[in-house]
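Biologist: Before we discuss any labels, could you put the model in front of us?

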Amino acid sequence: DPQASREWAWLPDLADAVAALMRATWPPCAVLHAGTPPVATHLDLAQAIAARMPGVRVVVNNAPCDPIRPPMASCHPGPMSQTRWTPLDAILDALIRDGVPA
C-alpha cells in the first residue's frame, strides 16, 4: 500500500533512545511503546530512494491490499519522543553514499 506509513529510525538513534527509555521514570500503568521516530509512507520512502538513484523510477501498484495499522506511540512524553532522530534524507544519503553490504 503506497499510503501505508511506517516509522523509519537510524539504529544508532534508536539505541540511544532505548537506553534513555530504560533510565526514565514513568507514571503507574503508563502505556509505553519503544518508538516515535519519524514516519514516512511507503510511497514517500520509494520516491526518496528513487530521487537519489539515477535512472530509478517509482512504479505504484494500486492493487487492493490489506490495511496496515498506523505507527504506534506512547501515551506519555518520554525519551522516544524527545530523541533527535536523524532525518530520513540524511539516512538515505549515508546509505547510498557508503553502500550497503550484501
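The exchange below takes up a few labels and the cut-offs behind them.

Modeller: This is a predicted model, in which local features need pLDDT of at least 70 and side-chain atom pairs count only at pLDDT 80 or more, while totals for chains, interfaces and linings use all residues. Residues are numbered from 1 along each chain as its sequence is written, and side-chain values use heavy atoms, with hydrogens and water left out.

Biologist: What is the average pLDDT of the protein chain?

Modeller: On the scale of pLDDT, the predictor's confidence in each residue from 0 to 100, the protein chain averages 82, and 87% of the residues score at least 70.

Biologist: Why is isoleucine 96 called partly exposed?

Modeller: Buried means under 20% relative accessible area and exposed over 50%, with partly exposed in between (1.4 Å probe, protein chains only); isoleucine 96 has 33% relative accessibility, and therefore counts as partly exposed. Isoleucine 96 is found in helix α4 (residues 88-98), a helix being a DSSP run of H or I with at least four residues, numbered from the N terminus.

Biologist: What is said of aspartate 13 with regard to a salt bridge?

Modeller: A salt bridge is a side-chain nitrogen of Lys or Arg within 4 Å of a carboxyl oxygen of Asp or Glu; for aspartate 13, which is buried, the nearest side chain of opposite charge, arginine 84, is 9.9 Å away, and aspartate 13 has no salt bridge. Aspartate 13 is found in helix α1 (residues 11-23), and a polar atom of its side chain lies 2.6 Å from the backbone nitrogen of threonine 86.

Conventions: Helices (H or I, at least four residues) and strands (E, at least two) are DSSP runs, numbered from the N terminus. Lys and Arg count as positive and Asp and Glu as negative; His and the chain ends are not counted. A polar contact is a pair of N or O atoms within 3.5 Å; within protein, one must be able to donate a hydrogen and the other to accept it, and residues adjacent in sequence count only if both atoms are side-chain atoms.
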